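Got a few minutes to walk through a structure? Have the sequence and the 3D view open side by side, and use the notes below as a guide.

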Amino acid sequence: MPRRPPRGLPLLSPLLILAVWEGLARARLIDVRFFPAPTAILAAAWGTAQSGELWADLGISLERIGVGFVLGTLPAIVLGVLMGLIPLVRMTCMPVVSAIYPIPKSAILPLIMLIFGIGELAKWVFIAIGVFFPVLINAMVGVLTIDRIYMDVGRNYGARGLNFLLTIALPGALPVIFAGIKLGFGLALILVIIAEIVASRAGLGFLIWNAWQIFDVEKLYSGLIVIGILGYLSSEAIDALERVVVPWRPRA
Amino acid sequence: MTAELKICIRGLRKDFATRFGRVEALGSVDLDVREGELYVLVGPSGCGKSTLLRILAGLEGTTAGTVEIRRSGGRRAPTAMVFQEPSALPWLTVRSNVAYGLRMQGVEAARRDSIAARYIEKVGLARFAGAYPYQLSGGMKQRVSVARAFASDPEILLMDEPFGSLDELTRLALQDELLWLFEETHKTIVFVTHSIDEALTLGDRVAVMSPAPGRILSTIDVPFPRPRRVIALREDPEYGRHVARIWNLLGVGRERDAAPSA
Ligand SMILES: Nc1ncnc2c1ncn2[C@@H]1O[C@H](COP(=O)(O)OP(=O)(O)OP(=O)(O)O)[C@@H](O)[C@H]1O
Ligand SMILES: [Mg+2]
């Protein structure tokens with residue numbers, strides 16, 4: 001049997017990089033105006049955390065992601081499952097989806113601000129649209145790839161309409177839907193930062209943009225670190241949610 | 001013995017349109033199944049047995065002919081199928097899988113749980129009631145499908161080689177369980193199998209089908225009294241005679257007999 005690698009192993013390479021970085025910065029072998037020492041960044045992050053600035057920006061970004069995410073995901077699941085189940089719905093919606101999906105979402109931000117103004121609503125809609133498409137397409141594909149035998153079981157045992165949707169189509173597609181949700185969440189993170197850089201006086205995007213404008217490089221890095229941690233924690237949270245909602249999948 | 005007819009099929013034909021052209025799966029099938037009998041279909045692979053069951057289950061249309069199922073009314077489902085492939089729903093526990101048909105019929109939760117528990121017990125899965133299908137062996141999954149079909153209490157049970165993929169030991173055990181269940185409930189069952197032994201062990205009548213496009217060549221009455229026990233049956237001298245008779249109908253050994261001697 002292969003030996004299990006020790007538990008701390010995944011931490012090793014990042015720690016090594018940080019240590020080398022710190023050494024190089026202290027020895028002035030790299031330009032600290034661009035690459036300040038990790039300890040200096042940590043100190044700056046601690047400062048923004050203490051002043052409450054970091055938490056306020058984090059909270060605002062989280063709220064935007066959360067609202068936009070729910071606003072995009074729920075209709076995407078409903079419509080996607082229906083598109084998977086009903087050929088007529090699929091054939092009606094697919095051309096529109098194929099036409100809009102490839103447009104980079106950042107390109108539609110001006111249009112959204114034109115329609116919805118520069119307030120919170122515009123940001124929610126922007127994020128929702130970004131999340132909508134990957135979840136929609138995965139929900140549809142998820143239903144289309146359900147093994148025919150399970151469809152037959154549903155039909156033979158008398159599942160019709162909403163019953164069929166809730167007991168066969170939705171659970172059958174759920175693992176693929178979750179893959180779409182993960183894609184969508186990554187996109188939501190990107191979009192919230194873009195929206196906050198372009199049109200906001202608050203949020204993590206604003207924090208790093210503002211840090212650049214006043215050339216506060218340590219603060220800029222601490223913003224990036226927080227975004228990195230946020231991305232990591234939220235993907236862990238989605239995995240945990242998946243384990244609860246999809247308990248029937250064998251796991252490694 | 002003139003029990004009422006439950007299923008009445010006349011001149012049933014079924015073609016499939018495929019990329020390779022038209023495939024004739026069933027060529028004019030006539031058959032009658034009586035209320036409360038265990039009717040077995042045997043025939044070579046590809047002769048249309050699954051197609052016939054799928055038509056009875058309402059999962060497939062017909063090309064020609066009539067298929068009549070005499071319903072007794074009420075909200076019982078007309079059919080419940082044990083599919084040839086593994087078909088326990090992966091997202092439901094054993095308990096919910098077995099209760100699935102009842103849930104779709106709108107039976108209230110407490111009642112369907114107690115019915116499901118009874119059939120889970122009967123197929124020997126009580127310890128696994130809370131498990132998901134991925135945690136079960138192939139034979140256990142198949143037992144879930146059998147329990148689900150019985151629990152949903154349909155007018156007709158359709159069983160498509162339910163034990164075909166199992167090892168001999170599990171197969172014998174499940175045949176025995178099926179005999180218990182059948183002799184207790186006397187449901188109408190249409191049972192498809194490749195195995196002549198299985199057909200004679202379980203059936204009241206055995207219909208032998210031709211190679212594709214399938215037709216019914218002949219229907220044999222199986223005389224063994226019930227209740228039957230799987231092993232004891234094989235010692236009956238009549239048993240061997242019936243095996244030979246079905247073999248002949250299926251044409252086993254015919255090619256060799258007809259071959260020119262060297
Ligand atoms: N959905 C389908 N589309 C096209 N052809 C089909 C379809 N289903 C079945 N057939 C064809 O119909 C014929 C009968 O198939 P069927 O599955 O009923 O055979 P079977 O008697 O159950 O065989 P086996 O004993 O191997 O399970 C085969 O030639 C098969 O290729
Ligand atoms: Mg078959």
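Here is a quick tour, from the ligand site to the core, the buried pieces and a few backbone oddities.

Keep in mind that this is a predicted model. Ligand 1 has 14 residues around it, and the protein buries 68% of the 630 Å² that the ligand exposes when taken alone. The largest nonpolar core runs to 141 residues, with its largest share coming from helix H8 of chain A.

**Around ligand 1**

- Start with the closest residues, which are Ser45(B), Gly46(B), Lys49(B), Ser50(B) and Thr51(B).
- Lys49(B) puts a polar side-chain atom 2.7 Å from an oxygen atom of ligand 1.
- Ser50(B) also uses its side chain, with an N or O atom 2.7 Å from a ligand oxygen.
- Gly48(B) works through its backbone instead, where a polar atom sits 3.0 Å from an oxygen of ligand 1.
- Of the ligand's own 630 Å² of exposed area, 68% ends up buried by the protein.
- Three elements of chain B each supply at least two shell residues: strand E1 (5–18), strand E2 (21–34) and helix H1 (49–56).
- Which element gives the most to this shell? That is H1(B), with three residues.
- Sorted by class, the shell has eight polar, four nonpolar and two charged residues.

**The nonpolar core**

- Seven residues have the most contacts inside the 141-residue core: Leu31(B), Leu41(B), Val98(B), Phe150(B), Ile189(B), Val190(B) and Phe191(B).
- Chain A joins in too, as helix H8 (residues 161–199) of that chain contributes 16 residues to this core.
- Leu41(B) is a good one to click on: leaving out residues up to four places away in sequence, it touches Leu31(B), Val190(B) and Phe191(B), among others.
- The contacts of Leu41(B) also include Lys49(B), the residue whose side chain reaches a ligand oxygen at 2.7 Å.

**Ala207(B), a fully covered strand residue**

- Ala207(B) belongs to strand E8 of chain B and counts as buried, at 0% relative accessibility.
- Its C-alpha is 4.9 Å from that of Leu41(B), although the two are 166 residues apart in sequence.
- Apart from neighbours within four places, Ala207(B) is in contact with Tyr39(B), Val40(B), Leu41(B) and Val42(B), and also with Ile216(B), Ser218(B) and Thr219(B).

**Helix H2 of chain B**

- Is this helix enclosed or open? It is largely enclosed by the rest of the structure, because eight of its 11 residues (94–104) are buried.
- The buried set is Val94(B), Asn97(B), Val98(B), Ala99(B), Tyr100(B), Gly101(B), Leu102(B) and Met104(B).
- Both chains help with the cover, which includes helix H7 (148–156) and H8 of chain A, plus helix H3 (109–122) and helix H4 (138–151) of chain B.
- Val98(B) from this helix is also one of the residues with the most contacts in the big core.
- Just past the end of H2(B), Gly106(B) takes a positive phi of about 85°.

**Leu136(A), buried in chain A**

- Leu136(A) sits in helix H6 (residues 120–144) of chain A and is buried, with a relative accessible area of 1%.
- Beyond its neighbours within four places in sequence, Leu136(A) contacts Ala76(A), Leu79(A), Gly80(A), Met83(A) and Val97(A).
- Leu82(A) is 54 residues away in sequence, with a C-alpha to C-alpha separation of 10.0 Å from Leu136(A).

**Backbone oddities**

- As background, most peptide bonds are trans, and most residues other than glycine have a negative phi.
- The bond from Ala212(B) to Pro213(B) is cis, with omega near -10°, and Pro213(B) is in the loop between strand E8 (205–209) and strand E9 (216–221) of chain B.
- Another cis bond links Arg226(B) to Pro227(B), with omega near -5°; Pro227(B) falls in the loop between E9 and helix H7 (230–234) of chain B.
- Arg28(A) has a positive phi, near 60°, in the loop between helix H1 (9–26) and helix H2 (38–51) of chain A.
- Arg28(A) is exposed, since its relative accessible area is 60%.
- Phe215(A) has a positive phi as well, near 55°, and lies in the loop between helix H9 (204–213) and helix H10 (217–245) of chain A.

Definitions and conventions. Residues numbered from 1 in each chain as written. Chains lettered and ligands numbered in written order. Predicted model: local features only at pLDDT ≥ 70, side-chain atom pairs only at ≥ 80, totals over all residues. Heavy atoms only, no water. Near = heavy atom within 4 Å. Polar contact = N/O pair within 3.5 Å; in protein donor to acceptor, adjacent residues only side chain to side chain. Areas by Shrake-Rupley, 256 points an atom, 1.4 Å probe, with all protein chains shown as cover. Helix = DSSP H or I, 4+ residues; strand = E, 2+ residues; numbered from the N terminus. Nonpolar A, V, L, I, M, F, W, Y, C, P; charged D, E, K, R; others polar. Core = buried A, V, L, I, M, F, W, Y, C linked by side-chain atoms within 4.5 Å. Buried < 20%, exposed > 50% of the residue type's maximum accessible area, 1.4 Å probe, protein only. Contact = heavy atoms within 4.5 Å.
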